[in-house]
Amino acid sequence: MEKEKMLSGQLYDPSDEELSALRIKARKLARRYNSTDEDNWKTLNEILKELVPNRGEGTFFQAPVYFDYGCFTTFGKNCGANFNFTVLDCAPIKIGDNVLFGPNCTLAAPMHPLCPKERNVRTRENGELYNLEYAKPITIGSDCWLASNVTVCGGVTIGEGCVIGAGSVVTRDIPPYSLAAGNPCRVIRQITEEDLMETR
């Protein structure tokens, strides 16, 4: 029940038993992945099959990686991420083909209520503490490159063919084939055929 609420963007209790078990599984798998030598391709691929089951052919990550769940993120083919890729997939995260992430990129779907009375820690009748949160999905189109230290917030769609500059915090949608950067991230200009380097 809490999982369904989480994935549909409703307030939910992250301390739910099913969700807690899924997070623990993902974090154990990530720790195994992060401690496996990078030339041990067979073991790394076996771990990724379990950690990120919805992963297209040729998609690989440079350890260390961190996932909240892993199973709620979908990658297309030939994607890659550099060191410290963090994915908080409390809502569905969908990534197209040929998407590249620089080091220290974060996809952060979780949201917290604006009103303190909804956000603050609560106490159950048995004395256990808990809180409520919600999440918004993230979509990144094919052929994008997110440079170092980019954070993508929940509810954002980045169109295909975009380049997001280093250090950007993406809080709103970015249209296809945009060069965008900043905090908050803004479109600088469109990417065109004139940007091709091989024809110069």
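Two strands count as paired if DSSP finds at least two bridges between them. With that in hand, here are some close-ups of this predicted model.

**View 1. Four strands, S3, S6, S13 and S16, make an open sheet.**
Read across the sheet, the order is S3-S6-S13-S16, and the pairing is parallel. Strand S3 (73-75) and strand S16 (157-158) sit at the edges with a single partner strand each, so one side of each has no neighbour in the sheet. For a look at one of the pairings, go to strand S13 (residues 138-140), which is joined to S16 by two bridges and runs parallel to it. Thr139 has Thr157 in S16 as its bridge partner.

**View 2. Another open sheet takes in seven strands.**
The order here is S1-S4-S7-S14-S17-S19-S20, and this time the pairing is mixed. The edges belong to strand S1 (60-61) and strand S20 (186-190); each has a single partner strand, so each is left with one side that has no neighbour in the sheet. Strand S4 (residues 80-81) and S7 show the parallel kind of pairing, with two bridges between them. Pick out Gly80 and you'll find its bridge partner, Leu100, in S7.

**View 3. S19 and S20 form a hairpin.**
Strand S19 (residues 178-181) runs antiparallel to S20, and four bridges hold the pair on record. Leu179 is partnered with Arg189 of S20 in one bridge. Four residues lie between the two strands, and Gly182 in the turn has a positive phi of about 115 degrees. Have a look at the peptide bond between Asn183 and Pro184 too: it is cis, with omega about 0 degrees. Pro184 belongs to the loop between S19 and S20.

**View 4. Phe101 is a buried residue of strand S7.**
S7 covers residues 100-101, and Phe101 is part of it. Its relative accessibility is 5%, so Phe101 counts as buried. What does Phe101 touch, once neighbours within four places in sequence are left aside? The contacts are Phe75, Gly80, Ala81, Asn82, Phe85, Ile95, Leu107, Ile140 and Leu146. Ala147 is worth finding as well: 46 residues separate Phe101 and Ala147 in sequence, yet their C-alpha atoms are 6.0 Å apart in space.

**View 5. Thr86 sits in strand S5.**
Strand S5 spans residues 85-88. Is Thr86 buried or exposed? Thr86 comes out as buried, because its relative accessibility is 18% and the cut-off for buried is under 20%. Setting aside residues up to four places away in sequence, Thr86 touches Tyr66, Cys105, Thr106 and Leu107.

**View 6. Helices H2 and H3 cross at roughly 165 degrees.**
H2 covers residues 17-34 and H3 covers residues 41-51, and their axes come within 10 Å. That angle makes H2 roughly antiparallel to H3, and the crossing is left-handed. On the H2 side, the contact is made by Lys25, Ala26, Leu29, Ala30, Arg32 and Tyr33. H3 brings Leu44, Ile47, Leu48, Glu50 and Leu51. Sorted by class, that gives eight nonpolar and three charged residues, with no polar ones. Lys25, one of the H2 contacts, is partly exposed at a relative accessible area of 41%. If you zoom out, the C-alpha atoms of Lys25 and Leu114 are separated by 30 Å, with the two residues 89 apart along the chain.

**View 7. Some loops hold backbone oddities worth a glance.**
Ala63 and Pro64 are joined by a cis peptide bond, with omega about 5 degrees. Pro64 lies in the loop between S1 and strand S2 (65-67). Next come two asparagines. Asn98 has a positive phi, near 55 degrees, though it is a residue other than glycine. You'll find Asn98 in the loop between strand S6 (93-95) and S7, partly exposed with a relative accessible area of 33%. Asn104 also has a positive phi, near 65 degrees. The loop between S7 and strand S8 (106-108) is where Asn104 sits, and at 32% relative accessibility Asn104 counts as partly exposed.

Note on methods
Residues numbered from 1 in each chain as written. Predicted model: local features only at pLDDT ≥ 70, side-chain atom pairs only at ≥ 80, totals over all residues. Heavy atoms only, no water. Axes fitted to C-alpha atoms, helices over the stretch in contact; angles between N-to-C directions. Parallel < 35°, antiparallel > 145°, perpendicular 65-115°, else oblique. Left-handed = near helix turned anticlockwise from the far one by under 90°. Contact = heavy atoms within 4.5 Å. Nonpolar A, V, L, I, M, F, W, Y, C, P; charged D, E, K, R; others polar. Buried < 20%, exposed > 50% of the residue type's maximum accessible area, 1.4 Å probe, protein only.
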